[in-house]
Amino acid sequence: MQIIRFLATRIIVYLLVVWIGVTIVFFVPRFVPGNPVDVMLGKLMSQGTTMDPELVASMRQTLTELFGLEGTLWEQYSAFLVRVLVTRDFGPSLSYYPTPVSSLIGKALPWSLGLMLTALAISWMLGNFIGLLAGYHNKSVSSKAIEMTAMIVYPIPYYILALLLVILFAYIWPVFPFVFQVSGTPGTWPWIVSVAYNSFLPLMSIVIVSLGWWIISMKALAIDTKEEDFVQFARLRGATNSKVMFGYVARNAILPQVTVLALSIGGVFGGSLITEILFSYPGMGSLIYKAILGSDYNLMVGAISLSIVAVATATLVLDILYPLIDPRIRYN
């Protein structure tokens, strides 16, 4: 009964979070200057196209319906909730009209997932391993040097580091391409090599900065954990250093890092905005940026709603699975 109550509470909170997030996403673009219908008609006029006023009025009416801007704000909101939460239809994109938003997200999402999940996996595993060693041997010179390096790297914004990498390795020493440009047939070995080669700089710009946070946090957790009574007792029983470090300190210190990892996995669905723009990477970040520039309500709502649902889902899954990770936690 307690488990059922626990699950019901978490699911209700999950649905509430998704509803509030999607509601905010609906209203915010409507306070941004610019009307997507006017933008689209303006593009047609700028091409020198001469249209009859009745045709323009008809097109305005059609586009207003397509972009969900017909009726009062409350009517738009009601229709929006039905489309997004029930039918999951975000409508056509203005920037890529008449391509559906869902199709654009389907093309951009795998690129962001590939980049962000790879960066997260590398930085999480490597950062926690280095942080564990630095925390367990925290009085050594190498531990202090590692911590100092991590503290220098961590505050650097990832886009500044990305710009620095571009200047060094794409301009001064042209080892890697300046912009993302893949060659070869998708799925073939040359294509995979091309993707890896073009993704190296954006990947490193995210990994290096993220690595600093994981090292600092894991070192602090390892230092606290190794002074716990159960660790001291293991030493007194004659456990080896490696057994104490990995079997006792690491297993307990890693739990908060798993929590942050789950939330980070939810965040990868939004991509890395500035890094993707800087490298012309065809992911969700670039898609959101183009949507903002083009006042593309549907595309903005679709991309950001996906990020909200992803983070909320990751949190829900973590809440449900966390007792399996840490036996000390109970549903009551």
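Start by selecting Glu227, which is exposed, with a relative accessible area of 51%. That puts Glu227 past the 50% cut-off for calling a residue exposed. One thing to keep in mind as you click around: this is a predicted model. Glu227 sits in the loop between H8 and helix H9 (229–236). Now add Tyr136 to the selection: it is 91 residues from Glu227 along the chain, yet their C-alpha atoms are separated by 9.9 Å.

Keep Tyr136 on screen and show Lys226 as sticks. The charged end of Lys226 sits over the ring of Tyr136, 5.9 Å from the ring centre.

**Zoom out**

Switch to cartoon for a moment. How many helices and strands does the chain have? You get 13 helices and zero strands, so reading from the N terminus on, the element string is just α-α-α-α-α-α-α-α-α-α-α-α-α. The chain has 332 residues, and 39% of them are buried. If you like contact maps, take the contacts with a separation of 6 or more: 74% of those join residues 24 or more positions apart.

**Helix H8, around Asn198**

Next, select residues 189–225, which is helix H8, and pick out Asn198 inside that range. Is Asn198 buried or exposed? Asn198 comes out at a relative accessible area of 7%, so it counts as buried. Follow its side chain and you'll find it reaching the backbone oxygen of Ser194 at 2.7 Å. Then expand the selection to contacts, skipping residues up to four places away in sequence: Asn198 touches Pro177, Val179, Phe180, Gln181 and Val182.

Stay in helix H8 and move to Val195. Val195 is buried as well, with a relative accessible area of 16%. With the same sequence neighbours left out (up to four places away), Val195 touches Trp111, Phe180 and Val182. Phe180 and Val182 are also on the Asn198 contact list. For Trp111, try a distance label: the C-alpha atoms of Val195 and Trp111 are separated by 9.8 Å, with their positions 84 residues apart along the chain.

**Aromatics**

While Trp111 is lit up, add Trp191 and Tyr281. Those three form one aromatic cluster.

Colour Phe, Tyr and Trp and you can go hunting for more: the structure holds six aromatic pairs. A good one to look at is Phe176 with Tyr197, where the ring centres are 5.5 Å apart and the planes are at 35 degrees, so the pair is tilted. Which parts of the chain does this pair tie together? Phe176 lies in the loop between helix H7 (158–172) and H8, while Tyr197 is in helix H8, so the pair links parts that are 21 residues apart in sequence. Colour by accessibility and the two partners part ways: Phe176 counts as buried at 18%, whereas Tyr197 is partly exposed, with a relative accessible area of 40%.

**Helix H10, around Gln257**

Now select residues 241–267, helix H10, and centre on Gln257. Gln257 has a relative accessible area of 2%, so it is buried. What does the side chain of Gln257 make a polar contact with? The partner is the side chain of Asn128, at 2.8 Å. Show the rest of the surroundings, again ignoring residues up to four places away in sequence: Gln257 touches Trp124, Asn128, Trp214, Ser217, Met218 and Leu221.

**H5 against H12**

For the last stop, select helix H5 (residues 101–136) and helix H12 (residues 284–293) together. They pack at an angle of about 135 degrees, with their axes 8 Å apart. That makes H5 oblique to H12. To see the contact itself, show side chains on both sides: Leu104, Ile105, Ala108, Leu109 and Ser112 in H5 meet Met284, Gly285 and Leu287 in H12.

Before you leave H5, click on Ser103, which lies in that helix. At 29% relative accessibility, Ser103 counts as partly exposed. Draw a C-alpha to C-alpha line from Ser103 to Ser93: they are ten residues apart in sequence and 9.6 Å apart in space.

Methods
Residues numbered from 1 in each chain as written. Predicted model: local features only at pLDDT ≥ 70, side-chain atom pairs only at ≥ 80, totals over all residues. Heavy atoms only, no water. Helix = DSSP H or I, 4+ residues; strand = E, 2+ residues; numbered from the N terminus. Buried < 20%, exposed > 50% of the residue type's maximum accessible area, 1.4 Å probe, protein only. Polar contact = N/O pair within 3.5 Å; in protein donor to acceptor, adjacent residues only side chain to side chain. Contact = heavy atoms within 4.5 Å. Phe/Tyr/Trp six-rings, centres within 6.5 Å; stacked < 30°, edge-to-face > 60°. Lys NZ or Arg CZ within 6 Å of the ring centre and 35° of its normal. Axes fitted to C-alpha atoms, helices over the stretch in contact; angles between N-to-C directions. Parallel < 35°, antiparallel > 145°, perpendicular 65-115°, else oblique.
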